[in-house]
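Colleague: Could you take me on a close look at the place where the ligand sits? I would love one connected tour of it.

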Amino acid sequence: MIDQLKNIEEELNQAEIKTSEELAIFYKYFLSKKGKISLLLYDFKSLPAENKRTVGKPLNLLKRKAEELYDAAKEMLEGQSQENSRNFLLDPQKIEIGARHPISVVKNRIEQIFRYMGFGISEGPEIEDDWHNFEALNFPPDHPARDMQDTFYLEKGYALRTHTSSVQVRVMETTKPPIKTISPGRVYRNEAVSARSNSFFHQVEGLHIDEGISFADLKQTLYSFVSSFFGRDLEVRFRASYFPFTEPSAEMDIFLGTETEEDKRLTKGTGWLEILGCGMVDEQVLKNCGIDPNKYSGYAFGMGIDRIAMSLFDIKDIRDLFNNDTRMLNQFVAE
Ligand code: DAH
């Protein structure tokens, strides 16, 4: 029996348990009811008393050794499977990092350039009264721009502002010249929604009032803006135009050319893209806002941000800017 014990001990020493299957085999082989150690214990019972003394102790030690090996291996395997259930191979949870909206990218760049030229930034309300949106800006009561078809009227004489020119009035009413400011913001018009026009869009208004400001100052400011914004000395032209609040008035176009289909489409085949309206602030407007036109003069301009963003980022449909599809919006890198 002592020999059997030694053999089993030898086997125990060589046993390797690396998987739960091996653990089960180990148990069956040594410790189960028909396992080698259990059978020895069984035989042990029928030994004569004097032999029991010599075999009893090593047999007990052998049994304990087998149990310890079994327990240790079981614990090790359980630990491993817990680690597996933590599963370090799972995809990490992605953190979505947003991107600046293309309108904001363009707005920020415009602001940066005008800031650099000494302009401050001012804002006004999107719900505006008739005075600030129309009357102070010399729109006669029957002017077509006041038509219900173009303007979203609200209750009690209020409307959603149709342009950021309303902020000019607010600034002139509350600030003494010199005034040098731009006013970015959202504006609303009751237009048929299409790929090219939306019922709301974005403008940046500019206003510079001081003694002796002339049309030359306006042109120089806009030339500087265009070359900073588009990064090259684009050809620019002014066309005579009409706005009730400026005299003289002009519209400014930039030359994109007609080389690509996109340029042709954007410029309706002419190569020229209109980007803003401008002019010298009408004397009556200065008076309406409490500024003495004999002492001060100034220029104003207003440009649309959405069209610039569309031509810059090659966006074909203005509605794509506002349906909040992050696959679309995440393409634009913030600056
Ligand atoms: N408010 C005009 C518009 O929405 C744009 C504009 C034209 C603004 C001439 C001006 C300006 O300040 O001087 O179409």
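**The ligand site**

Modeller: Happy to! Let's start with His163, whose side chain has an N or O atom 3.0 Å from a nitrogen atom of the ligand; a polar contact here is a pair of N or O atoms within 3.5 Å. Arg189 offers a polar side-chain atom 2.8 Å from an oxygen atom of the ligand, while a polar backbone atom of Phe301 is 3.3 Å from a ligand oxygen atom. The protein covers 89% of the 350 Å² that the ligand has accessible on its own (Shrake-Rupley method, 1.4 Å probe). Please keep in mind that this is a predicted model, where local features need pLDDT of at least 70, side-chain atom pairs count only at pLDDT 80 or more, and totals for chains, interfaces and linings use all residues. Residues are numbered from 1 along each chain as its sequence is written, and side-chain values use heavy atoms, leaving out hydrogens and water.

Around the ligand are 15 residues, with Ser165, Gln168, Arg189, Gln203 and Glu205 the closest (near means a heavy atom within 4 Å). By class, this shell holds five nonpolar, eight polar and two charged residues (Asp, Glu, Lys and Arg count as charged; Ala, Val, Leu, Ile, Met, Phe, Trp, Tyr, Cys and Pro as nonpolar; the others, Gly among them, as polar). Helix H7 (165–174) and strands E5 (200–210), E8 (272–281) and E9 (297–304) each supply at least two shell residues (helices are DSSP runs, H or I, of at least four residues, and strands, E, of at least two, numbered from the N terminus).

Technical notes
A polar contact is a pair of N or O atoms within 3.5 Å; within protein, one must be able to donate a hydrogen and the other to accept it, and residues adjacent in sequence count only if both atoms are side-chain atoms.
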